[in-house]
Structures are given as C-alpha cells and as structure tokens.
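This report describes how two protein chains meet a DNA strand and how they meet each other. The sequence and structure are shown first.

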Number of protein chains: 2
Amino acid sequence: MSADAEPAPVSAKPPVTLREVAAAAGVSVATASKALNGQGRMTAETRERIRAVAQRLGFRPNHLAQSLLRKRSFTVGLLTNDTYGRFSLPLMAGVSDALVDNGVSVFLCNVEDDTRLGQLHVEAMLDKRVDGIIATGKRIDRHLPIDLSNLRIPVVYAFTQPDPGAVGLVSDDAGGARLAVEHFLRLGRRRIAHVTGPAGFAVVHARAEAYREVLAAHGLPVGEPLLGAWSEAWGHDAVARLFGSGRGREGWPDAVFCGNDQIARGVIDALRERGIRVPDDVGVIGFDNWEIVAEATRPPLTSVDMNLASLGREAGLALLSLVGGQPAAPGIRKLPCRLVVRQSCGRPPGG
Amino acid sequence: MSADAEPAPVSAKPPVTLREVAAAAGVSVATASKALNGQGRMTAETRERIRAVAQRLGFRPNHLAQSLLRKRSFTVGLLTNDTYGRFSLPLMAGVSDALVDNGVSVFLCNVEDDTRLGQLHVEAMLDKRVDGIIATGKRIDRHLPIDLSNLRIPVVYAFTQPDPGAVGLVSDDAGGARLAVEHFLRLGRRRIAHVTGPAGFAVVHARAEAYREVLAAHGLPVGEPLLGAWSEAWGHDAVARLFGSGRGREGWPDAVFCGNDQIARGVIDALRERGIRVPDDVGVIGFDNWEIVAEATRPPLTSVDMNLASLGREAGLALLSLVGGQPAAPGIRKLPCRLVVRQSCGRPPGG
DNA sequence: GCGATAAGGGAAAACCTTTTCCCAACTCAG
DNA sequence: CTGAGTTGGGAAAAGGTTTTCCCTTATCGC
C-alpha cells in the first residue's frame, strides 16, 4: 500500500452536481443555487457555508443544463475556408480573444471549399444551439460556399463577402493603399509604380484606384498599375518591365508599391540582382505585413498591415451585440489598415 | 404590399421541439422520439408518418438536451499556443476533419503562452462538458503552460510535449532526416552538409543524430552539423562558412540538408549569388515543406513534410477512442514524415 | 368464448440547473 | 394577544430529449 503518490485513477467519476452540494450543506438545491448565484434571501452565514461546501467539493455548474434553460449556449461557430492561409489564423485568434473574455467559446469549422462539408458544419452548429456564427474567408470578394441567409441566428461576416443585408467587416484596402502611397510622397518619392495581383480580385482594383487617386491629387503622373500574380516570380518579372532597357534610367520609378509581400520580395530580390539599391534608389512597400516574409527581405520590408486580429475582435464583438439583441447596422464596415515601417522605403529626406 | 420577396423576418422564433412534432403527428413525445431514432416497436406506417411530420416541421434534436442525458457532449477542446505559426493550421484542420466526420465539434482555444488564459479556457471547456481535450503546440519539446494531468477527461497531445503517462503524437524527425539524407545518397551525393536551427531545440539534435547515423552507416565522412537560427539569414551565413575561401573547391559539399525551409531558402539564394548552381553543383533539401516558401525558391525546394494534417487526424481519432473507453497505450507515438521531391536536389544519375 | 401472448403506444423519470411561487416562523406594533 | 409584515428557505416547474416500464388492445389457439 504505497501511501505516497496517489496515482490519480483514470476512472471518469462523474462531476459534482448541485444536488450533492446541497445535500452536503444540508439545504435544498434551490437554496444552493441561489447561494452560489447571489440570488434569493438567506443569512450571510448560510450563503457562506454553501459556498464553502461547493468550493470544497469542486463544484462547477454544468453549462449544458444552464444553456438548456437559458436558451443560450454561450457558444458561437467560426466558419473558415482558409485552411492553410496566413489570413485566418490572426483573424481566428482575434475572434477567440474577444469572445473568451465574454465567456463565449468558439467552435472551429473548417469547411474548405466544400459545400457539403459546410452544410454539415452548419447543421452541427445549429444542433448544438450556437448563439451565432462568424463566417470567415480568404478573400473579401468571394462568398463561402454555404448559404447562411435564413438561419434564425445572427451571422457576422469577417474578411469574406457578406450576404446582402448582413453585417460584414473587411479591411479598408483603399485606405491601406493610400497609407503606402502617401508615405512614399512624404519621403519625397515622385515616380511611384504599383505592382499587384490578378485582375480577378476586387482588392486589386480597390488598391489600384486609391493609388491613382492619391497621385492625381498631388498632380503627379499616374502610371498604369501592373497586374499579375500574387507571387515572387511576378515581382521579378515586373521589375524587368519597369526597369528594362526600353526606358531610360530617368524613366525608372523611385518607388514600388506592391500588392502583397511576396511580390515585394520578388521585386526587392530582382532589384538587387540588377544592382539597384533599396531603399536608396528605389523604395518598396508591400501589403499584408506577413512578418516572416517582411522580416526576411533585405532590407526588411515596410508593409501595410490589415489588422486582422482587430478585425477578428471586432467581428466577435459585433456578433455578441447582435446575440444580445442590439440591432446592428447592416452593410460592410471597413476597418483601417496601418503601415508598419521597416527599412525598404527609406527615411525622410530631412531625417 | 409587395407580395413577392418575403423579407424573412429576423425574428428569432424558437426551434421546433420534439413535443411539437409529437403533437402534430398525434402521438406522445416518447413515441416520436422512438420513431425518429429507430427504437421501440410501432407500425411502419406510424414511424413514417412521424418522420414525415418531423421533416416537414424542420425538426432538429437539441443537442444540449441530448448531451445532458447521455453525459457526452460530442465536443472536444483544441488547445494551441501557436497563434501565428504555420504548424497549427494544418494540424487543426486535420483534427477538425477527423472529428466532424464522427459528429464531434471542436472548440478552438488559443492560449498564447499565458497560463491564466489557458486556465480560463480549460475551465470553460470543463464547464461545457467537453468529452476530451487535444493539446497542440509549436514545439515538440515544450509543454503548454497549463496543467492537464488530473482532468478526469482524456487528453491527447499532438506536436507538443506530453505529460508523463499521457498519449502523445509527434512527427518522426529522425525518420524525416533519414529520408532526406538517403535521398541524397541515392542521387550520388557524397559530401552532405547539415545546416540547422539552434541547439535549444530537441528536433535539432534528433535530426542531426539521424544525419550522422546515415552517413556513418554508409561509411561516409560525417561533417559537423552547423547550428544557428531558423532564418534565411543563417542560411546565407552558413553558405559563407561551407563554401568560403578557406576550403578548396573539392572540399565543398555537394548537398546541403537544411533544418527548415527558410534556412534552405537562404542557402539557395546565397549559392546563386556565389554562382554555384542548384541542383547541378549542390543539392538542397529543406524541412517542413512550407509550400509557399518551397515553391518560391529557385529552383523549387525539395523538402521533408511532417504530415501535420495526418498527425492532427490521428490525434483526433486517438482522442475519440479514448473517449469511447478504449485504453490507449500511453507514451509518444512518432508519425512518419514524407519527402516531397521538387527540383532543388537533382535527378538520379541514370534518370 | 376464454385465456395467453404479442403488438403498439404512452406515462414518467432522469439528466442538472434556475426561477417563481409559496410556506412557516419570527418580529413588532398596537 | 392578534394581525401584519418580514425573513429564511423549500417545492415544483421548466428546458428538450431518451429510456424504462407499464397499459391497453388485438390476435390466436383451443
């Protein structure tokens, strides 16, 4: 009989119930419940005694029973189709953070791009009586492959295209682009090129339009944005076009605003291979602030951050207030980006 | 009064209950329950009628009520501290896949490295009566900052250090390293270097040891692995050391096995800058198979894949069988890696 | 036509907690 | 000492489902 090191039997003995607490304290379950919840009337002594017993027994109320009664599960579903992407993780973390602070747990639903799988998840959520659903994607301009429009529970869309009449939160891509271009202008750059992704993406146009507007507003010549792919390789190719032998050296840009960090990486590498110095000859700014890329470029990349964690947090809070019965203004709300300045864009002339 | 386009009032009218189905079908709730679950005895006609009514009313059983009764919530918690990492996402997707197919939903718990937050999440899970917990991390050789050892519900550890006596699943890093080195040997490479991460990581030693063993087993000279950081920059530096002027050209390695894909990227870039051709002069293999990096290197990078999605799937299934009462052998189970061959290692001499 | 058996279906308890309503006992003023 | 008011605490219903046990009715053999 080894008296030490009680080996904590794996036996799943059932959790302590309120009934047991009440019995141990010599009161009814009703009184026990009221004591623990600060409800009802009783002597302070009784209340304390019940609390002490509950504490000693390690009582924890069964949320399933509570939910059944309250018709509120304090649980929401988080749908995403971005399995491998870098967008969903910070977003999900933001959602989770905002909600756990409010006692709400989050069901993770990875739906890929599979309608059947999505249906499966949504039905599971509904059966589990989630209080609401957050739909998340990898593109602002695409729907998830699931219909969430007649769900009788609130739905918030974050970083994905919302249903008409629903509430959606996305990044302000135009604003982010303005941030980048205006920063270049403050640094004294004047011939600013824009190398970005494929025409099929709405953000490509939103950012390109903002780029044009800022330049036009400053009376500067507006180059035609170069549309391509979201890849390093395209960044290389774009440099070949912008800095090719066809143009004179004085026709070269002194800044390149890139549609994402991978393009920027390609641009920077290609410039170095051509002996063009970054940031001395040409400044570069990326988009997404994907740290692991932005910090590995030489020099480290200034980039527009979409604040996805905040976006997630806001989405969580928006859903919470919807669940609480507050009517939220439907429509798309754009959340500001921020510029994370590293060394690829250069310092201000005076500094 | 527009008669078309009924605007689907947002009113949250409560879901249909079994009682309503029973009433509509003119039977008792008991009979209705049995009809829908294929239990009890009744005429096929009755059963069908009840099913039809349930269908028509859109009845879906309330899982909270079911869980309360069955003492099983068909829900598990997924703890992770890898908020921004590339490891957790495929792992989580694998877990989620394996479980949703079994009707089990997954609570996402992002605990950062914060003990308080972890405690909060674990208690929330316990209160919600999860059937089990999967603990996930970003390092095999580190604990999560939470104690899960006396939890009365099963716990499975995936890609993080398990508690003693618990069941844990990790990648077989030594096996992965062998895969890489043996592939080089098959390709006829003989002077194989190893550039890897910091000494503080257990995987660094596991992989280095396997690297040594394979070379020794083939009677080849074993170079000392170069330990550094998990970064591109270290890859650059390592090339400077391996291919520096100190050694004669014939002392140069003809292959470099890298501890991760970022190091490999740095190595490849540095080799190109030195005019050394990959894979003709030197083959390179990475680790992690981080596609977005592996496919952007020039040439695309051969890399060891840890099969994290499978790992997640296995972890989910292991937890499920534990929850089902099957006693699982405690201890660490290592799951094999696989080599994803691209173009950075060269083709076999004959091919 | 009678007893036995099977078939079809229902009543009620159970899961755990919260909340409303109620009851008994006590206090206090008159 | 009586009536009103207050205090402390309990009984019971509610929430939705499953399951056990029981009851009624029909069927069948003789």
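In this predicted model, four helices each supply at least two residues of the surface near DNA strand D: helix 2 (29-37) and helix 4 (63-70) of chain A, together with helix 2 (29-37) and helix 4 (63-70) of chain B. Helix 2 of chain B gives the largest share of this surface, 4 residues.

**The surface near DNA strand D**

DNA strand D is surrounded by 26 residues, and the closest are A:Thr31, A:Lys34, B:Leu18, B:Gln66 and B:Leu69. By residue class, the surface near DNA strand D comprises 12 nonpolar, 9 polar and 5 charged residues. On the side of the nucleic acid, sugar or phosphate accounts for 55% of the atoms of DNA strand D within 4 Å of the protein, and bases account for the rest.

Polar side-chain atoms of chain A approach both phosphate and base atoms of DNA strand D, as the following table shows.

| Residue | Atom of DNA strand D | Distance |
|---|---|---|
| A:Thr31 | phosphate oxygen | 2.5 Å |
| A:Thr46 | phosphate oxygen | 2.9 Å |
| A:Arg41 | base nitrogen | 3.2 Å |

A:Thr31 thus appears both among the closest residues to DNA strand D and in the table, with a phosphate oxygen as its partner.

**The interface of chain A and chain B**

The two protein chains also touch each other: 61 residues of chain A are in contact with 61 residues of chain B. Between them, chain A and chain B bury about 5,100 Å², of which 55% is on carbon and sulfur atoms. Within chain A, the residues that lose the most area to chain B are A:Leu64, A:Arg129 and A:Arg152, which together make up 14% of what that side buries.

Charged and polar pairs also occur at this interface. There are 10 salt bridges across the interface of chain A and chain B; in one salt bridge, the side chain of A:Glu232 meets that of B:Arg265 at 2.7 Å, N to O. Polar contacts join 20 residue pairs between chain A and chain B, counting pairs with both residues at pLDDT 80 or more.

Several elements of chain A give two or more residues to the side that touches chain B, including helix 4, strand 1 (75-80), strand 2 (105-110), helix 6 (115-127), helix 9 (232-242) and helix 10 (261-273). The largest share, 8 residues, comes from helix 5 of chain A. The side of chain A that touches chain B divides into 28 nonpolar, 16 polar and 17 charged residues.

Helix 4 of chain A therefore serves two surfaces in this description, as a contributor to the one near DNA strand D and to the one that touches chain B.

Technical notes. Residues are numbered from 1 along each chain as its sequence is written. Chains are lettered from A and ligands numbered from 1 in the order in which they are written. This is a predicted model: local features need pLDDT of at least 70, side-chain atom pairs count only at pLDDT 80 or more; totals for chains, interfaces and linings use all residues. Side-chain values use heavy atoms; hydrogens and water are left out. A residue is near a molecule or strand if one of its heavy atoms lies within 4 Å of it. A polar contact is a pair of N or O atoms within 3.5 Å; within protein, one must be able to donate a hydrogen and the other to accept it, and residues adjacent in sequence count only if both atoms are side-chain atoms. Ala, Val, Leu, Ile, Met, Phe, Trp, Tyr, Cys and Pro count as nonpolar, Asp, Glu, Lys and Arg as charged, and the others, Gly among them, as polar. Contact means heavy atoms within 4.5 Å. Buried area is the accessible area (1.4 Å probe) that two parts lose on being put together, summed over both. A salt bridge is a side-chain nitrogen of Lys or Arg within 4 Å of a carboxyl oxygen of Asp or Glu.
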